[in-house]
Every structure is written in structure tokens, then in C-alpha cells.
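Student: Could you pick one spot in this structure and take me through it slowly? I'd like to see how the surroundings fit together too.

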Amino acid sequence: WRLNNPQAGQINLDKAHQVDPGHPEVQILKRSVAKRNQIVYQNTARTMLNNDCESTVEELDRALQVTPTNVNMLLLRAAAHRKLGNLKESLADVKRAKDVYTR
């Protein structure tokens, strides 16, 4: 993440978790990512409730670059896309969320 490549950071964290899920650094980073994701989710859910679906999609696009497998964010973005009439994008997010959830 410090190299401004959040996707690579997430991939490396996932690999580290597979090697040693109990390692203290892995646990600290996982908690940090989860906390940040919760804050982003709450903020974007609030934005969505204010019917600012475009801002919701934009913010979730950025967040999902870091954690592309966050089911809650995928489903919230799907709902925002649906409200905007972007049904193809909405369906793609729902399918992605289903794939992540069932693997």
C-alpha cells in the first residue's frame, strides 16, 4: 500500500494470511483493512441514503480497488447502480458478490 499499489498490497496480505494467518503483522493489517472498510461502507451507505448514487459508486469504485472481494461493498454498489439505471453493472456486482461469498 505504501508503494501506492493497493491491489498488490491486498494480494500480498492474502498470500501472507494463507502462509501464516496467526502471524501478528497479518492480524494487525487484517484488522486495519477491516476497520477502514467498515468506515467506507458506513459513509457510502449514508451517501446512498441521501440519494447521491453517483458519489456512492465513485467512492466504492475506489474502495473496491483495494479490497475487490468485499461482499458488502459490492452489493451496495450494485444497489447504487440499479438506482442509477445501470442494470448491467448492477448485475455484474451481484454476480461478483455471489462468487466471492460462495467460494
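**Around Asn-37**

Tutor: Let's start with what Asn-37 touches: leaving out residues up to four places away in sequence, that's Thr-67, Asn-70 and Met-73, where contact means heavy atoms within 4.5 Å. Before going on, keep in mind that this is a predicted model, in which local features need pLDDT of at least 70 and side-chain atom pairs count only at pLDDT 80 or more, while totals for chains, interfaces and linings use all residues. Residues are numbered from 1 along each chain as its sequence is written, and side-chain values use heavy atoms, with hydrogens and water left out.

Asn-37 sits in helix H2; helices (H or I, at least four residues) and strands (E, at least two) are DSSP runs, numbered from the N terminus. With a relative accessible area of 11%, Asn-37 is buried. The cut-offs here are under 20% relative accessible area for buried, over 50% for exposed, and partly exposed in between (1.4 Å probe, protein chains only).

So what is Asn-37 part of, besides H2? Asn-37 helps line the second largest pocket, together with Gln-10, Lys-30, Val-33, Ala-34, Thr-67, Thr-69 and Asn-70. A pocket, on a 1 Å grid over the protein atoms alone, is an open set of points where a 1.4 Å probe fits, with protein on both sides within 12 Å along at least five of seven lines; lining residues have an atom within 4 Å of a point. The space in this one comes to about 160 Å³, taking volume as the space filled by probe spheres set on the points, which are joined across faces, edges and corners.

Helix H2 (residues 24–49) gives the largest share of that lining, four residues. By class, the lining has two nonpolar, five polar and one charged residues; Ala, Val, Leu, Ile, Met, Phe, Trp, Tyr, Cys and Pro count as nonpolar, Asp, Glu, Lys and Arg as charged, and the others, Gly among them, as polar.

Now for Gln-10, another of the lining residues. Along with Gly-9 and Leu-13, Gln-10 is buried in H1. Seen down the H1 axis, those buried residues fall within an arc of 95 degrees, so they line one face of the helix; the arc is that of the directions from the helix axis to the C-beta atoms. Gln-18 and Val-19 are exposed on the other side of H1. The buried residues of H1 pack against H2 and helix H3 (53–66). H1 itself (residues 6–19) has 14 residues and reaches 20 Å from its first C-alpha to its last, close to the 20 Å expected at 1.5 Å a residue, the expected span being 1.5 Å times one less than the number of residues.

Gln-10 also leads us to Pro-68, in the loop between H3 and H4. Leaving aside neighbours within four places in sequence, Pro-68 is in contact with Gln-10, Leu-74 and Arg-96. Pro-68 is partly exposed, at a relative accessible area of 34%. Its C-alpha is separated by 9.5 Å from that of Ala-97, 29 residues apart along the chain.

Ala-97 takes us to H5, whose buried residues are Ser-90, Asp-93, Ala-97 and Val-100. They cover an arc of only 95 degrees around the axis, which puts them on the same side of H5. The face turned away from that buried side carries the exposed residues Leu-87, Lys-88, Lys-98 and Thr-102. What do the buried residues of H5 pack against? Helix H4 (71–84).

H3 is worth a stop too. Cys-53, Thr-56, Val-57, Leu-60, Ala-63, Leu-64 and Val-66 are its buried residues. Their arc of only 165 degrees around the axis puts them on the same side of H3, and they pack against H1, H2 and H4. In the loop between H2 and H3 lies Asn-51, which has a positive phi of about 60 degrees although it is not a glycine. Asn-51 counts as exposed, at 58% relative accessibility.

Zooming out, the protein has five helices and zero strands. Of its 103 residues, 28% count as buried.
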